Amino acid sequence: MAQVETQTGEIVQVIGPTVDIRFEDRLPDILNAIQIKNTNADELVTVEVAQHLGNNVVRCVSMSLTDGLVRGMKAVDTGHPISVPVGRETLGRMFNMFGIPIDGKGDFKAEYEVGSAIFFEVQTKGLVRVKTPKEEYSV
C-alpha cells in the first residue's frame with residue numbers, strides 16, 4: 001500500500017460498540033480503520049469510521065470489545081480501510097478479520113492487501129472469481 005500520513009484524534013464518547021472521536025486537522029474518510037491502544041486491557045482496538053458527525057467528530061463502530069475505552073484516549077487514523085491479505089500464500093491459512101494469521105503457522109508476506117475494493121463474480125462453471133484492483137484470482 002502507498003505510504004499514508006496518519007493523524008491522531010481523541011475519544012469523546014463511547015456507547016457500547018460505537019466510539020466518537022474528534023480530529024483537529026481533517027476528518028478520516030468513511031470506512032477508514034482507526035486504532036486505539038487500550039491500556040486497561042493491553043490490546044489494540046480497531047474501529048471503522050461509519051459517519052461524519054460535524055464539529056470534527058467521526059462516529060466509529062468497534063470491531064472488538066470497547067471495555068476500558070474512555071474519553072481522552074488517543075486514536076490513530078491508519079489512512080486506509082481494514083484490509084486482509086490475498087494471494088497464493090493465503091490458501092490453506094486461517095486469519096482473523098484483520099488479516100492476522102491465527103493458525104499458528106507464523107507470519108508471511110502477502111502479494112498485496114485488499115480492503116473494501118473486492119468484488120465477487122460467479123461464473124457458470126461454479127467457480128467464484130475474486131477480482132481485485134490489481135489482478136484476479138480464481139478460488
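**Exercise 1.** In this predicted model, find the salt bridge that Arg93 forms with Asp103, and work out where the two residues sit and whether each is buried or partly exposed.

*Solution.* Start with the distance: the closest N and O atoms of Arg93 and Asp103 are 2.6 Å apart. Next, place the residues: both Arg93 and Asp103 belong to the loop between strand E7 (84–86) and strand E8 (112–114), ten residues apart. Finally, apply the cut-off: buried means under 20% relative accessible area. Arg93, at 17%, is therefore buried, whereas Asp103, at 22%, counts as partly exposed.

**Exercise 2.** Which strands does the salt bridge between Arg59 and Asp20 tie together?

*Solution.* The closest N and O atoms of this pair are 2.8 Å apart. Arg59 lies in strand E5 and Asp20 in strand E2, so the bridge ties together parts 39 residues apart in sequence. Now check accessibility: Arg59 is partly exposed at 28%, while Asp20 is buried at 5%.

**Exercise 3.** Trace the barrel: in what order do its six strands close?

*Solution.* Follow the antiparallel pairing and you get E1-E2-E5-E4-E3-E6. Neighbouring strands of this sheet are turned by 45° against each other on average, direction ignored. For one pairing in detail, take E1 (residues 7–15) and E2 (residues 18–22), joined by five bridges; here Val14 stands opposite Val19.

**Exercise 4.** Which residues touch the most other members of the largest nonpolar core?

*Solution.* Among its 14 residues, they are Ile21, Ile34, Ile36 and Val47. Strand E4 gives the largest share of this core, three residues. To finish, look around Val47: beyond its sequence neighbours within four places, its contacts include Val19, Ile21, Ile34, Ile36 and Cys60.

Terms used:
Residues numbered from 1 in each chain as written. Predicted model: local features only at pLDDT ≥ 70, side-chain atom pairs only at ≥ 80, totals over all residues. Heavy atoms only, no water. Pairing = 2+ DSSP bridges. Helix = DSSP H or I, 4+ residues; strand = E, 2+ residues; numbered from the N terminus. Axes fitted to C-alpha atoms, helices over the stretch in contact; angles between N-to-C directions. Core = buried A, V, L, I, M, F, W, Y, C linked by side-chain atoms within 4.5 Å. Buried < 20%, exposed > 50% of the residue type's maximum accessible area, 1.4 Å probe, protein only. Contact = heavy atoms within 4.5 Å. Salt bridge = Lys/Arg side-chain N within 4 Å of Asp/Glu carboxyl O.
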